[in-house]
Amino acid sequence: MKIHRPLGLSVLVYEVARMVILLVLSVSLEPSGFVGPALIGYLLAPQILFALIALFVWIDETRYRDYVSLYVAGKTLLVWAGLLWLFTSFKTIVKALMMYTGTAGEPFMIAILVLIPFEIATIIRMVLYMKRPAEDH
């Protein structure tokens, strides 16, 4: 019988909640130019892989242990892209936080800003998982 660890489940629940929140917010976007819900949905589709990796690692840690490094690499790239976006869009983000005007893109920007620390926490959790010897799983 496999023992499922609660931290593995917490990463899985976080990934599923993150995807649901981002997809719901992407549907609420009003199309402006070529940017609209469909484009954001296409950009979010590869993010489902993170939830699948978390699910597989939670189901069978020893079998899917090798995928954790791919998870960490992808999340690290995601955080760097998010931080780059944060620094290049800082003025717009501050305006969205201070003077909320109700446009559809503002909740999406705020959600991404709020999710960055959680992304860093999942990276740390999975790196700690990788550091444990394989027989501890």
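Here are legends for a handful of close-ups of this predicted model.

**View 1. The whole chain is helices and nothing else in the way of secondary structure.** Count them up and you get six helices and zero strands. Starting from the N terminus, the order simply reads α-α-α-α-α-α. The chain has 137 residues, of which 34% count as buried. If you're looking at the contact map, take the contacts with a separation of 6 or more: 75% of them come from residues 24 or more positions apart.

**View 2. Here's the largest nonpolar core, with 14 residues.** The ones with the most contacts inside this core are Val11, Val57, Val68, Tyr71, Val72 and Met126. Which helices each supply at least two residues? That would be α1 (6–27), α3 (48–59), α4 (67–88) and α6 (105–131). As a general backdrop, nonpolar side chains in soluble globular proteins tend to be buried together.

**View 3. Zooming in on Val11, one of the core residues with the most contacts.** Set aside residues up to four places away in sequence, and Val11 touches Ala54, Tyr71, Arg125 and Met126. Tyr71 and Met126 also sit on the list of residues with the most contacts inside the largest core.

**View 4. A second core lies apart from the largest one.** This other core has nine residues, including Met19, Ile40, Ala111 and Leu115.

**View 5. α3 packs against α4.** A pair of packed helices is described by the angle between the axes and the distance between them. For α3 and α4, the angle is about 150° and the axes are 10 Å apart. Angles over 145 degrees count as roughly antiparallel, so α3 and α4 are roughly antiparallel to each other. The crossing of α3 past α4 is left-handed.

**View 6. Same helix pair, now with the side of each helix that takes part in the contact.** From α3 come Phe50, Ile53 and Val57, and they meet Tyr67, Val68, Leu70, Tyr71, Gly74 and Lys75 of α4. Sorted by type, the residues of this contact split into seven nonpolar, one polar and one charged. Val57, Val68 and Tyr71 are also among the residues with the most contacts inside the largest core.

**View 7. Gln47, a loop residue between α2 (37–44) and α3.** Is Gln47 buried or exposed? Its relative accessible area is 13%, and the cut-off for buried is under 20%, so Gln47 is buried. Beyond its neighbours within four places in sequence, Gln47 is in contact with Arg18, Met19 and Leu78. Met19 is also one of the residues of the nine-residue core.

Note on methods. Residues numbered from 1 in each chain as written. Predicted model: local features only at pLDDT ≥ 70, side-chain atom pairs only at ≥ 80, totals over all residues. Heavy atoms only, no water. Core = buried A, V, L, I, M, F, W, Y, C linked by side-chain atoms within 4.5 Å. Buried < 20%, exposed > 50% of the residue type's maximum accessible area, 1.4 Å probe, protein only. Helix = DSSP H or I, 4+ residues; strand = E, 2+ residues; numbered from the N terminus. Contact = heavy atoms within 4.5 Å. Axes fitted to C-alpha atoms, helices over the stretch in contact; angles between N-to-C directions. Parallel < 35°, antiparallel > 145°, perpendicular 65-115°, else oblique. Left-handed = near helix turned anticlockwise from the far one by under 90°. Nonpolar A, V, L, I, M, F, W, Y, C, P; charged D, E, K, R; others polar.
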